[in-house]
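Got a minute to get to know a protein model? Have a look at the sequence and the 3D view, and then we'll walk through some of the details together.

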Amino acid sequence: MNTEPDVDVWEILQKASPSEYEKIAFQYGITDLRGMLKRLKKMKKEEKKSDVFLKKLDPAYQVEKGHKIKLAVEVANPSAEVKWLKNGQEIQLTGRYIFENVGNKRFLTINHCSLADDAAYSCVIGDEKCFTELFVKEPPVLITRNLEDQMVMKGERVEFECEVSEEGAHVKWEKDGVELTREEALKYRFKKDGKKHVLIINDVTKEDCGHYRRSITNMKLCQVELNGYFLPWLTEKQLEVYQSIADLTVKAKEEAVFKCEVSDEKVKGIWYKNGMELTIEDVKPEDEGDYTFVPEGYAFNLSAKLSFLEVKIDYVPRQDPPKIHLDCIGNTAESTIVVVAGNKLRLDVPITGDPAPTVVWTKSEKVISNAEGRVHVESTNGHCIFTIEGAERQDEGVYTVIVRNPAGEDNADITVKVVDVPDAPQTPRILSVGEDSCIVQWDPPLFDGGMPVLGYVLERKKTRSYRWMRLNFDPYKELTYEAKRMIEGVAYEMRVYAVNAIGMSRHSPASQPFVPVAPTSAPIGLCIDDISDTSITLKWRTPERLGAAELEGYGVEYCKEGTDEWVPAFQGLTDRTSVLIRDLPTGEKMQFRVRAYNMAGASPPATLGQPVTIREIMQRPKIWLPRNLRQTLIKKVGESVNLVIPFQGKPRPKVTWIKEGEPLDPKHVNIRNSDTDTILFIRKAERKDSSKYEVQVQIENVEDKANINIQIVDLPSPPQNLKIMDVWGFNVALEWKPPKDDGNCDITGYTIQKADKKTMEWFTMYEQFRRTTCVVSDLVMGNEYVFRIYAGNMVGLSQEACFSKDSAFIPKTGMVYKPPVYKAHNFSEAPKFTHALVSRSVIAGYNATLSCSVRGIPKPKITWYKNKMDISNEAKYRMFSKQGVLTLEIRKPCPFDGGVYTCKAVNEYGEDSVECKLEV
């Protein structure tokens, strides 16, 4: 057994110089020295501080093979969820890997470390990680039982046997420094049984004499050699034994003589007692033992035993049959031992019996030995101990302990039950959703861990978030849960944990994303729009509250009075807010209702106040003339005329259109009638379409009429007889007559234009001039002018103008212009504030401004004061002046900046000031 204290190889490498690395690697069995040095270099780099981890993993850990290690981190958020990765792959919870959460600390425990656990490990929270390296140190292979010398005859079979401390160690056999191989299968055979290694030589010859050696190399190629020398004695002579040595029993002081007779009288040899050469004189009790004669030159020996006879009375103890005492440890023969998965199970069973009995442990009639790795069996004085390191689920079962001695046998059954946290529940299902809630259901875990499931813990999160929020802290026993206090219109996911007496399972897979939404409110204003012998038309308005989900449509149902069997009026949903239901039974009383649907389901129904009898109702004819048609409808020539006149009446009335007492021309005017309206359509209106139209609806001898005036307008003709009535100075007087055709509407005005006869470029002098006479002024002396006039109405200007027949000449005169003389005005003025400062309150930390306005000529000098102290040169304040508006900006005021602020304006003609109070 290795009794050396545990050493930290990482600490030794960090303190050692590079020249000592090879020596340390050989001394402590390091095989991947280069990889460790690379990791050591990374360890020396200073790590960046993290907001997530208060304490990260150490750079590296070391553990011996078969031992347990615990990795620990400390996180900033006690509710943070961590993931453990091994070589980049997430570690799943098993018997060997145990996750623990204790406050801010997170632990990963690895039981029974093997070489496969030598890897890089990382702990992940969100996007941040911390890393470490775990090195599994394999203990050196030791020789626990050495080779023994062998002495054989020629042609016999010899076996060399040794035992090592580790199964799987690589053993090489050598003779005189040359390795023995399996190719010499007829001569040498190699046998391995667990930790035992055997070399078998068949048919020994003289050439097999020599030095045999074995070398042992463990799986990491760390070689340890131990030499054993074996000198087989071979001879080709044959010595016949006529009388062998006989065993003797003598008393004290008697002579003991061993005799033998062989075929060679001259043979010599050596006598041994218990393997040592001797000469016997007086026989004493200590002379008792085995005596051997080895003939010289022959490969055999003669042995006998010398016994010393002494008269004494021997005490023969009474033999007791073995007995197992389970009642001493609080168990019965049918007891059950419960152990938590991952923990150590130790059964210490008291036993009695004389002589000490042998102990055998079995499970399912299979004998349990120490070679099974995690299982250890040992016996001490009065106890047999059975140990399982890191119990797993497959360790459950009935174990039988059997004790035997020459006096008898006893056995007992011990039932071992391994309990664990349950498996994760099945994926939860969302049964329904509400405005801020949902109902979730799940199936129990496939395995409850050997203990009843006490309840479930639920968590939810927003789909785009990484933070899970726990919904209950005490285990919830049902399989259906209503989650509340969610935000309508936001997508969520749910997951479930199962809890038993051992602990909490891993979480279930997340549910499909869902959005909490509420059904809309009921449609409003449900009423009957029309009814006949077999059909009904319903209409309604959109619900007042639609919620976050999109409205999918409406569903309409009906049932006969006195029944609860509601029948859909049509398949699917409709987007319209009115519907015609056909094929209803005539004369039946029916009830109708409408529901609005969204992704949350149906709204409460909107129902008619009382049942409706399906039959046609006589209704007087009535024309509902639109408001815009109650006055004259004006259209331009070439535009379309489309009149829609709604009416009512049952049965369907007869519709007639008349223009000035005459029927309409169907080639020019199109008429289309329906059950509820009539349409008059003229594709291109003409002046002749202007008239008074009459529409008439009639049911038998009952009728209703309405008149519609249509006016078709066009451009006017040009004005007539434009004359120049007078010319004086720079002015010309014009006169004309209205146009012959006004375009079927009033003339809105005239446009008068002039042109110099030299250039003939026309310039507009007046637009929308209402009278038929005007005076054109500001004409240029020495120029000759002509004039033209356009008539205008609501359609536009006439296409042609009326030109003046004569021209007007403006003669030159000897006039001299004398500009007027003006006295210079004095605009000087003393400062005066036209808008005073206003007292106000502001919030600390946000910029504030004070404003006022001042006038004065010349421009006055502005000075700002706080509590009568000049603040013009302080950096905290900025002053602005733009066109008489004065602004003081106070940058991020604090309570100290409160007080009385004054603005003073001064020039050579006087001064003025205003003040206000500022509270912060």
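What follows is a short tour, from the whole chain down to single residues.

## The whole chain

First, keep in mind that this is a predicted model. The protein chain has 920 residues, and 36% of them count as buried. As for secondary structure, there are three helices and 74 strands, so you'll be meeting a lot of strand names below. How far apart in sequence are the residues that touch? Taking contacts in the protein chain between residues at least 6 apart in sequence, 62% join residues at least 24 apart.

## Rings that meet

Now for the aromatic side chains. The count of aromatic pairs comes to 12. Take W736 and Y750: their ring centres are 5.6 Å apart and the planes stand at 70°. An angle over 60 degrees is what makes a pair edge-to-face, so W736 and Y750 are called edge-to-face.

Where do these two sit along the chain? W736 belongs to strand β59 (residues 731-737), while Y750 belongs to strand β60 (residues 747-756). The pair therefore ties together parts that are 14 residues apart in sequence. Are they buried or exposed? Both W736 and Y750 are buried. They also have company, since ring pairs link W736, Y750, Y766 and F769 into a cluster.

Rings can have a charge over them too. The charged end of K70 sits over the ring of F107, with 5.1 Å to the ring centre. In another spot, R96 lies over the face of Y97, and here the distance to the ring centre is 5.3 Å.

## A little sheet

Next, find the open sheet made of three strands, in the order β34-β35-β38, with antiparallel pairing. Its edge strands are β34 (429-433) and β38 (480-483), each of which pairs on one side only. On average, neighbouring strands in this sheet are turned by 25° against each other, if you ignore direction.

Zoom in on one of the pairings. Strand β35 (residues 438-441) runs antiparallel to β38, and four bridges connect them. Which residue in β38 is the bridge partner of Q441? That would be T480.

## Two buried residues in strands

Let's pick R593, in strand β45 (residues 589-598). Buried means under 20% relative accessible area, and R593 has 15%, so R593 counts as buried. What does the side chain of R593 meet? A polar contact of 2.7 Å joins it to the side chain of E557. Leaving out residues up to four places away in sequence, R593 touches L526, G555, V556, E557, W566, P605, A606 and T607.

S122 is another one to look up, and you'll find it in strand β8 (residues 119-125). Its relative accessibility is 6%, so S122 is buried. With residues up to four places away in sequence left out, S122 touches K83, W84, L85, C130 and F131.

## Backbone oddities

Finally, follow the backbone itself. Here are two cis peptide bonds to look up.

| Cis peptide bond | Omega |
|---|---|
| D354 to P355 | about 0° |
| I857 to P858 | near 0° |

Where are these prolines? P355 is in the loop between β27 (345-354) and β28 (358-363). P858 is in the loop between β68 (848-857) and β69 (861-866).

Phi angles are worth a look as well. R485 is not a glycine, yet its phi is positive, at about 60°. R485 sits in the loop between β38 and β39 (492-500), and β38 is a strand you already know as an edge of the open sheet. With a relative accessible area of 74%, R485 is exposed.

Q768 also has a positive phi, near 55°, and is a residue other than glycine. Q768 has its place in strand β61 (residues 762-769). Is Q768 buried, exposed or partly exposed? Its relative accessible area is 48%, so Q768 is partly exposed.

Notes
Residues numbered from 1 in each chain as written. Predicted model: local features only at pLDDT ≥ 70, side-chain atom pairs only at ≥ 80, totals over all residues. Heavy atoms only, no water. Phe/Tyr/Trp six-rings, centres within 6.5 Å; stacked < 30°, edge-to-face > 60°. Buried < 20%, exposed > 50% of the residue type's maximum accessible area, 1.4 Å probe, protein only. Lys NZ or Arg CZ within 6 Å of the ring centre and 35° of its normal. Pairing = 2+ DSSP bridges. Axes fitted to C-alpha atoms, helices over the stretch in contact; angles between N-to-C directions. Polar contact = N/O pair within 3.5 Å; in protein donor to acceptor, adjacent residues only side chain to side chain. Contact = heavy atoms within 4.5 Å.
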